[in-house]
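Hi,

Here is the structure I said I would pass on. Have a look at it first, and then read my notes below.

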Amino acid sequence: MKLSRYVCVHGHFYQPPRENAWLEVIETQDSASPFHDWNDRINFECYAPNTAARILGEGERIVDIINNYERISFNFGPTLLSWLEYADPASYRAIQEADRKSMERFGGHGSAMAQVYNHLIMPLANFRDKETQVIWGIRDFERRFGRKPEGMWLAETAVDTETLEVLAAQGIQFTVLAPRQAKSVKAPGETNWQYVSTETIDTRRPYRCLLPSGKSIALFFYDGDISQGVAFSGLLNDGARFASALIGAFDESASPQLVHIATDGESYGHHHRFGEMALAACLQHLEDLPGVTLTNYSQYLSLFPPEWEAQVHDNSSWSCVHGVERWRANCGCNSGGRPGWTQEWRKPLRELLNWLRDQLIPLYERQTQRLLKDPWAARNDYIEVLLYRSEETIEAFWARHARLKLKEEEQVAILRLLEMQRNAMLMFTSCGWFFDEISGMETDQILQYANRAIHYAEQVAGIRLHNLFLQRLEQIPSNVYADGSVSYRQNVMSARADLVRVGMHYAASSLFEEYPEKLAIFNYFADSEVFHRNEAGIQRLAIGRTRVTSRVTHSEKLFSFAVLYLGQLNFLGHISVNMTRSAFDDMASDLIEDFKKSDLGKVVEHLETHFGEERFSFRELFRDEKRKIFRHIGAKSSRLIDTAYREIYEDSYQLMTIIQLNSLPLPEAFQNAAQHILNQDMVHFFSNGNLNIRELKRLASEFKKWGVTLTNAPSLQLTASERIYSEIQRIEKDPEERLERLLNLNQVLNLLDDMAIAINFWKSQNLYFSLIQDGSFGKEGLDSALAVALAELGTLLGFRAGISSEKRPGPGPG
């Protein structure tokens, strides 16, 4: 008898929103270095590698590259996908393509699942927020994958009956839960319910959950033991062992069985290095195994609709054994490693944000009911504006929801109120409570959203909630600071950026920008009707009359400014929102005349005369722009340091050699000079011009001679990886110089190997594999020298010999 045995691996791919709530961009996160931020780093380690996972053969050589997403079930958080769309378009498209390929593979059923929009804990949300979260998650999914979702992932799989009702009402057919969330089950034809536990629930079948409304939804309870093994017990150390664990979960029953697991998708490459390769090997092993079929939830549900029924434990989740207490109480769940710490802050923080949400609801209704047909239907539909921020989208939104033709100021007010509501949901993102301390970056992040919502309320309605909010925050305990308000004051309030602060930032940036007259500043746009910049040596004077406009709410402000730069980080900045055009012209004339005379005292006097004594300084600038100005200002000093080190190295080279030949220790100043210059030359080698093999040989010899090590290996490795990738692109596009470039590149790679400089060849391997597979190198016409060089490149990149002559059967890589 043929057994119906199916396997499904689900990955929940998610990162919390990290964008500055005011600027709508992710600022540099130093802890993620050498990457810009943690999204960037985890994408490099996990999301992108899973679009092109290596399968290794004999000698740990690559024999195939596959898109894991085609063969598994997966969901991506909408806020993560919105980042990935612009940060790594190639991986974003590969994920979309994987869903399309999975539809071909799994009988018309795509593997991608939707997710509630910003990962809030659904049982702790009010009904309207639950509804909006589901609707926004569905609309976002439809926009990205071009189809309606069949399933939806719940944040932390946190569930209650009302949440299931909302899912069913919106046409969601199924969700995935942890085994401990099953309360009781009922067999077909039976009337009695059987209470179940993690140990007794049969996870190999789907269940139907009948809801009080009369609707129903299918539930899949994943295999907890194997999922734990993947996340914490080393199953990702060996793809074959991973596959064996899945196969071992079947019994001898002739009934259809689905063995399925669910883990954080970040297990496959971020939490476990090379986890994506273990997953690829596991999937290949399963595909090659007779009697076992890979599937996804949607396909299995269509083939084997649930016959058993199930009830769930309300207020339960996969990551808190106490239900959902991790997000509202000191339940004991934490990250570990902090003896003496408590999470007594969680309950009052939840209460504080609930209070704020409930203050904003009547304000929203009062301010919108005269202008919008249905304020809550408008909020549900606001996702269309978030997905397509354009004049056309906003006009269409007004046409659907406005009671009447809105004035410009009314449009701005409504957009601010809708953004207030968006931030009032973002402030409940689950990560704010998940970890151990209220001053953690995840909690600071959700408090940014709270701060932003409070600011919108004050802008639109004059309702001042911040002092009360701060007073209540001061009553919340912290394990690190005197109370919960300290980190908020330091890290949240300092991030605020109204139009005036954006104006200050623009004024300072205009000193150094190449074309400052029209400048995009994060989610704002600055357009100067007048701009002057004068330079005298290192000193600069910038004067302008500029309009700053928010891309989000379309609010705008016209201001006049003058900034005097005196060198290093010393500048005097002044800004006014009340200065008339004639007063501006007089001010500009006075300042420019005195600056050209190098009378800086008079310039300062005129600044105070026209603007008053209040000024802004470097402190008011945004963090990433401070770095940018640091780099600009520091470039001159860096050049002086480089010149000094190079003179020491070159002028003292013979002396250094004699010292070394006499087995004497090299003075520290000489060693430092060699270290600095040779590392700088190595970076320059990969950053500029052709890959000059003679220069690399010199560097290899010098590194060895002086015992030099790489001072910033991760950064250099990234630079080198990108340079090698671009060189392979040039080899593809330039047939006339192909052989010469190939031979040169192979020499470079051999030398890097001799120098023990580890390079991440991931992108280069992908490109090489795709070019070989699709015949872009013109395999039929290869002469022997070119064929040998191509084969050597493949070997150096880690491929098995002969890969160039093989075609992988079945669907190609995404």
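Let's start with a bit of vocabulary: a crossing of two helices is called left-handed if the near helix is turned anticlockwise from the far one by less than a right angle, and right-handed if it is turned clockwise. Keep in mind, too, that this is a predicted model.

Now for the pair where you can use that term. The crossing of α2 and α4 is left-handed. Helix α2 covers residues 78–87 and helix α4 covers residues 127–145; they pack at an angle of about 35 degrees, and their axes are 10 Å apart. On the α2 side, the contact is made by Pro78, Leu81, Ser82 and Glu85, while α4 brings in Asp140, Arg143, Arg144 and Phe145. Sort the residues of this contact by type and you get three nonpolar, one polar and four charged.

Next, scroll along to α13, residues 391–401. Which of its residues are buried? They are Thr393, Ile394, Phe397, Trp398 and His401. These residues cover an arc of only 140 degrees around the axis, so they sit on the same side of α13. Here's a handy rule for seeing how that can happen: an α-helix has 3.6 residues a turn, so residues three or four places apart point the same way. The buried residues of α13 pack against α11 (375–381), α12 (383–387) and α14 (408–426). Turn to the face of α13 that points away from the buried side, and you'll find Glu392 and Ala399 exposed.

Helix α29 (residues 784–796) is worth a look as well. With its 13 residues, α29 reaches 18 Å from its first C-alpha to its last, close to the 18 Å expected at 1.5 Å a residue. Its buried residues are Leu786, Ala789, Leu790, Leu793 and Gly794. Looking down the axis of α29, you would see them fall within an arc of 140 degrees, so they line one face of the helix. Among the parts that cover these buried residues are α27 (738–754) and α28 (762–774). Over on the other side of α29, Ser784 and Val788 are exposed. After α29 comes Gly798, which has a positive phi, near 105 degrees.

One last stop: Ala669, which is found in helix α24 (residues 668–687). Is Ala669 buried, exposed or partly exposed? Its relative accessible area is 47%, and partly exposed means between 20% and 50%, so Ala669 counts as partly exposed. Ala669 and Ile648 are 21 residues apart in sequence, and 8.4 Å apart in space from C-alpha to C-alpha.

Happy browsing!

Definitions and conventions. Residues are numbered from 1 along each chain as its sequence is written. This is a predicted model: local features need pLDDT of at least 70, side-chain atom pairs count only at pLDDT 80 or more; totals for chains, interfaces and linings use all residues. Side-chain values use heavy atoms; hydrogens and water are left out. Axes are lines fitted to C-alpha atoms, for helices over the stretch in contact, and angles run from 0 to 180 degrees between N-to-C directions. Helices (H or I, at least four residues) and strands (E, at least two) are DSSP runs, numbered from the N terminus. Contact means heavy atoms within 4.5 Å. Ala, Val, Leu, Ile, Met, Phe, Trp, Tyr, Cys and Pro count as nonpolar, Asp, Glu, Lys and Arg as charged, and the others, Gly among them, as polar. The expected span of a helix is 1.5 Å times one less than its number of residues. Buried means under 20% relative accessible area, exposed over 50%, partly exposed in between (1.4 Å probe, protein chains only). The arc is that of the directions from the helix axis to the C-beta atoms.
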